[in-house]
Amino acid sequence: MTVIFVPGALRQAGALAATALLLTGCGLSEELERETNPERHRPSSDVTVPAPATSTPAARLPEEPDGTPRCPKSGVTMSPGMVTATMGLRAMSVTMTNCGDTAREVKGYPDIRVRGLDRELFDVTVLKGTEPVTTMDDPGPRRVVLRPGQSAYTSLVWRYSAVDASTRRGSGVYVEIGAAKGAPRQTIEPDGGLDIGETGMLGTTAWQKSPSDGR
């Protein structure tokens, strides 16, 4: 589904989940703890995605003559969060920010491709939802409208797969992500890469607004 331009100012939002909240908040932190202490937790389908933080590293964008970042033609920017890890489970959030001057609407899941150090395309299976990678709450497709300056976020989860530490073979160095299928993709470089292997599975949650921007 493509990004829809919506006139007028409407409220919706989102921001990126930083590592601290992923580890100390509810939801995915509980799933990570289950990886470490499986006897303390019974499997549950009621795990919720943790609330995102309000500060995110900005994506590197071309600059205008005055030094301000240039908004892409898509009208949105993508920024990766920090990768968190416990046992074999990995998690990261990606923030999509409306950098344009009109409201924009998105619904559903991001469109993602993963590439290695040499830009080769990995045969990674991108899932709509997080199972069978892990059990956590996914809000599912819902209409999210972003006013200029507002953001939405998605959570990405995967399991560690063999990565050659010396050559970084098997590490997803570049992640190409679009708001929806058919939308323009932007390339982000997660800190440390995605140790997902060349044929792994990547779970995603649907775009959702941030509590910090209200409803």
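Is T130 buried or exposed? Select T130 and colour the model by accessibility: T130 is buried, with a relative accessible area of 3%, where buried means under 20%, exposed over 50% and partly exposed in between, for a 1.4 Å probe and protein chains only. Before going further, note that this is a predicted model, in which local features need pLDDT of at least 70 and side-chain atom pairs count only at pLDDT 80 or more, while totals for chains, interfaces and linings use all residues. Residues are numbered from 1 along each chain as its sequence is written, and side-chain values use heavy atoms, with hydrogens and water left out.

T130 sits in the loop between β7 (125–128) and β8 (143–146); strands here are DSSP runs of E with at least two residues, and helices are runs of H or I with at least four, numbered from the N terminus. Leaving aside residues up to four places away in sequence, T130 touches M136, V157, G203, T204 and T205, a contact being heavy atoms within 4.5 Å.

Next, select M78, M96 and L202, the residues with the most contacts inside the largest nonpolar core, which has 24 residues. Such a core is a set of buried Ala, Val, Leu, Ile, Met, Phe, Trp, Tyr and Cys residues joined through side-chain atoms within 4.5 Å. Two or more residues are given to this core by each of β2 (76–80), β4 (89–98), β6 (111–115), β8, β9 (151–159) and β10 (174–178). A second, separate core has six residues, among them L89, A91, L127 and M136; M136 is also one of the residues that T130 touches.

Turn now to charged pairs. The whole structure holds six salt bridges, each a side-chain nitrogen of Lys or Arg within 4 Å of a carboxyl oxygen of Asp or Glu. Select D195 and R90, whose side chains meet at 2.9 Å, N to O. D195 belongs to the loop between β11 (185–188) and β12 (201–204) and R90 to strand β4, 105 residues apart, and both D195 and R90 are buried.

Move on to E105 and R143, which also form a salt bridge (2.9 Å, N to O), joining strand β5 (residues 103–107) to strand β8 across 38 residues. E105 counts as buried at 13% relative accessibility, whereas R143 counts as partly exposed at 47%.

Finish with D111 and R185, a salt bridge at 2.8 Å, N to O. D111 lies in strand β6 and R185 in strand β11, so this pair ties together parts that are 74 residues apart in sequence.
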